[in-house]
Amino acid sequence: MDYKSNLIPDGNPLENLEKQLICPICLEMFTKPVVILPCQHNLCRKCANDIFQAANPYWTNRGGSVSMSGGRFRCPSCRHEVIMDRHGVYGLQRNLLVENIIDIYKQECSSRPMQKGSHLKCKEHEDEKINIYCLTCEVPTCSMCKVFGAHQACEVAPLQSVFQGQKTELSNCISMLVAGNDRVQTIITQLEDSCRMTKENSHHVKEELSQKFDTLYTILDEKKSELLQRITQEQEEKLGFIEALIQQYREQLDKSTKLVETAIQSMDEPGGATFLLSAKQLIKSIVELGPIQHWGFPWPPICPQPALG
């Protein structure tokens, strides 16, 4: 039997108000004292304490010594993070307005006579209220369905006891999910902080490394300029020295070449007296000029290499 198709809800003038007075954790009407969260949503204090304890398992409750530090959890309605002081849930303000509305609502409901159709009715037996729960088929049904209808062979239980058990189980599941979501959000926040710290540390290390290399580049450029200047200076000095030697050797070579030409011409002189007049002076000049190693210049010519030290 289809559960939804067997239930015919009757109208209720206070239905919309009742929906506003339902706790999102226990799914029951708020019980005193009602606490108001910073996000303006309401919870039963017990429900708020349950999800707070689940999100902060090491926080000491009022039964023991009061913790010197608070905790945090997220509102089950809007996921707003609620930060608590050392008093925990007992530090939240009571919502006296909602409590007064609940009192007025309960008084109004108790003063009204039970209207026909205020309970869900069975579709098969329209005059019968849905008052039992079929454990075999897992659907609510009526007593007539158990005695004469489709659930004769099924195992049943009182609807209210199953209702309370299912509500308690669902409330526990909600608390577990809320606490789990809060832990996941805490992990996400920690991971985001780790990402931010990693980026900041990497940026700092990159800047420090860049500064060190910039300093090294500056030192190397200065050393390079100094060495290039030194090499240029030594080059100019050595080139000047070598070019001076070249000039001196050329001058001596010119003298030697002219002396050779004069001596050859003297050798062609046929007259003995004329030859003797010039030969003696030529021999003297040749002896004074001497071999190249006696010219007074470095031999072999010195050509030192530039020093980089």
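**View 1. A salt bridge along helix α6.** E200, a partly exposed residue with a relative accessible area of 41%, is paired with R196 in a salt bridge whose N-to-O distance is 3.4 Å. The structure is a predicted model, in which local features need pLDDT of at least 70 and side-chain atom pairs count only at pLDDT 80 or more, whereas totals for chains, interfaces and linings use all residues. Residues are numbered from 1 along each chain as its sequence is written, and side-chain values use heavy atoms, with hydrogens and water left out. A salt bridge is taken here as a side-chain nitrogen of Lys or Arg within 4 Å of a carboxyl oxygen of Asp or Glu, and the structure holds ten of them. E200 and R196 lie four residues apart in helix α6, so about one helical turn separates the two partners. R196, like its partner, is partly exposed, with a relative accessible area of 40%; on this scale, buried means under 20%, exposed over 50%, and partly exposed in between, computed with a 1.4 Å probe and protein chains only.

**View 2. A network of salt bridges that links R72, R74, E81 and D182**. One of its contacts joins E81 to R72, and the closest N and O atoms of that pair are 3.2 Å apart. E81 has a relative accessible area of 28% and is therefore partly exposed, and R72 also falls in the partly exposed class, at 38% relative accessibility. Another contact in the view is the salt bridge between the side chains of R74 and D182, with an N-to-O distance of 3.8 Å. Because R74 lies in strand β4 (residues 72–74) and D182 in helix α6, this pair ties together parts that are 108 residues apart in sequence. Helices (H or I, at least four residues) and strands (E, at least two) are DSSP runs, numbered from the N terminus. Both side chains of this contact belong to buried residues, since R74 has a relative accessible area of 12% and D182 has a relative accessibility of 4%. As a general point, side chains of opposite charge can pair when their charged atoms come close.

**View 3. Two loop residues with positive phi, Q40 and R79**. The backbone of Q40 has a phi near 75 degrees, which is a positive value in a residue other than glycine. Q40 sits in the loop that runs between β2 (34–36) and β3 (42–44), and its relative accessible area of 56% places Q40 among exposed residues. R79, which is likewise not a glycine, has a positive phi of about 70 degrees. The loop that holds R79 lies between β4 and β5 (81–83), and here the residue counts as partly exposed, at 30% relative accessibility.

**View 4. N100 of helix α4, shown together with K32**. Helix α4, in which N100 is found, covers residues 96–111. The C-alpha atom of N100 is separated by 9.9 Å from that of K32, although the two residues are 68 residues apart along the chain. N100 itself has a relative accessible area of 43%, and it is therefore partly exposed.

**View 5. S256 of helix α6, shown together with S285**. S256 belongs to helix α6, the helix that also carries the E200 and R196 pair of the opening view. Between the C-alpha atoms of S256 and S285 there is a separation of 9.6 Å, and along the chain the two serines are 29 residues apart. With a relative accessibility of 21%, S256 counts as partly exposed.
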